[in-house]
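Please examine the model shown below. A short exchange on its helices and sheet is requested.

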Amino acid sequence: MPLEVEVERAARRLADAGVRDARADAQALAEHVAGGGAALDRAGAGRLRDLVERRAAREPLQHLLGTARFRGVDLLVGPGVFTPQPETSSVVDAVVAGLEGLDAPVVVDLCSGAGTIPMSVAHEVPGARVHAVEADPGAFAWLERNRDALGLDVACHLGSAEDALPGLDGRVDVVVSNPPYVAEHELPAVDPEVRDHDPLRALVAGADGLDLVRMVEATAWRLLRPGGLVVVEHSDRQGRSAPAVFARRWRDVADHVDHEGLDRFVTARKP
């Protein structure tokens, strides 16, 4: 069966199921099964239909493919780790810009998950000394797997963001994090691909969604050198509340939008 025919059939099924990017997802699944070919045999068509039904049930596309493309790297992902999201690219942009002109800068990423941010920074800023901290053992296994698969020089640390890396206190140039930031009452409204498949501890952060942002703020204050930069992702509903966490003792506190124009991350400098 010609690949394009299977793609159109799959796209219709996914659209009927309410999948947001039905055509693109259908194309990705078909190409994954075809392995570069222009057609599918009967077995391949059956395999594609199985994957399409799983996607129609809102299993994440990245879980079905086994990888998530993020900027210049392909990250291994699956059950037990947060799936990289495109809005985090704007956070990486801010980190890379903040490292310009620094010689062998030290970067610490807190709540690293699969390594979306630290792997991207290590890939794009080869001279950086990058540390990735993750508290969940299951997610940490994915983090190490990606570090090894990509061959990047990232130091991976299993442990809480709260007491991370005391040996680097006052010596870090940039602290970055994409922490859990969903408020408990917001969870039912989260997309099923995220709500039903990403680990709950990677999503929910207390009544207002800021528990981990507050933890990151305290750790960043400890780790950063004077003038060091902190970059923290938040939800598009926290464009005022997240910067307020940093307002008391940081300078140059500012909130920024992502590539879709939505409030997405806060930056600040340690005095």
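The questions and replies below concern a predicted model.

This is a predicted model, in which local features need pLDDT of at least 70, side-chain atom pairs count only at pLDDT 80 or more, and totals for chains, interfaces and linings use all residues. Residues are numbered from 1 along each chain as its sequence is written, and side-chain values use heavy atoms, with hydrogens and water left out.

Me: How far apart are the end C-alpha atoms of helix 2?
Reply: Helices (H or I, at least four residues) and strands (E, at least two) are DSSP runs, numbered from the N terminus. The expected span is 1.5 Å times one less than the number of residues, so the 13 residues of helix 2 (residues 22–34) should span 18 Å. The end C-alpha atoms agree with this, being apart by 18 Å.

Me: Which helices do the buried residues of helix 2 pack against?
Reply: Ala22, Asp25, Ala26, Leu29, Ala30, Val33 and Ala34 of helix 2 are buried (under 20% relative accessible area, 1.4 Å probe, protein chains only). Contact means heavy atoms within 4.5 Å. These buried residues pack against helix 1 (3–16), helix 3 (42–56) and helix 4 (61–65).

Me: Which are the edge strands of the open sheet of seven strands?
Reply: Two strands pair if DSSP finds at least two bridges between them. The sheet has the order 5-4-3-6-7-9-8, with mixed pairing. Pairing on one side only marks the edge strands, strand 5 (154–158) and strand 8 (251–257).

Me: Which residue is the bridge partner of leucine 229 in strand 9?
Reply: Strand 7 (residues 224–233) and strand 9 (residues 263–269) pair in the antiparallel sense over five bridges. The partner of leucine 229 in strand 9 is arginine 269.

Notes: Buried means under 20% relative accessible area, exposed over 50%, partly exposed in between (1.4 Å probe, protein chains only).
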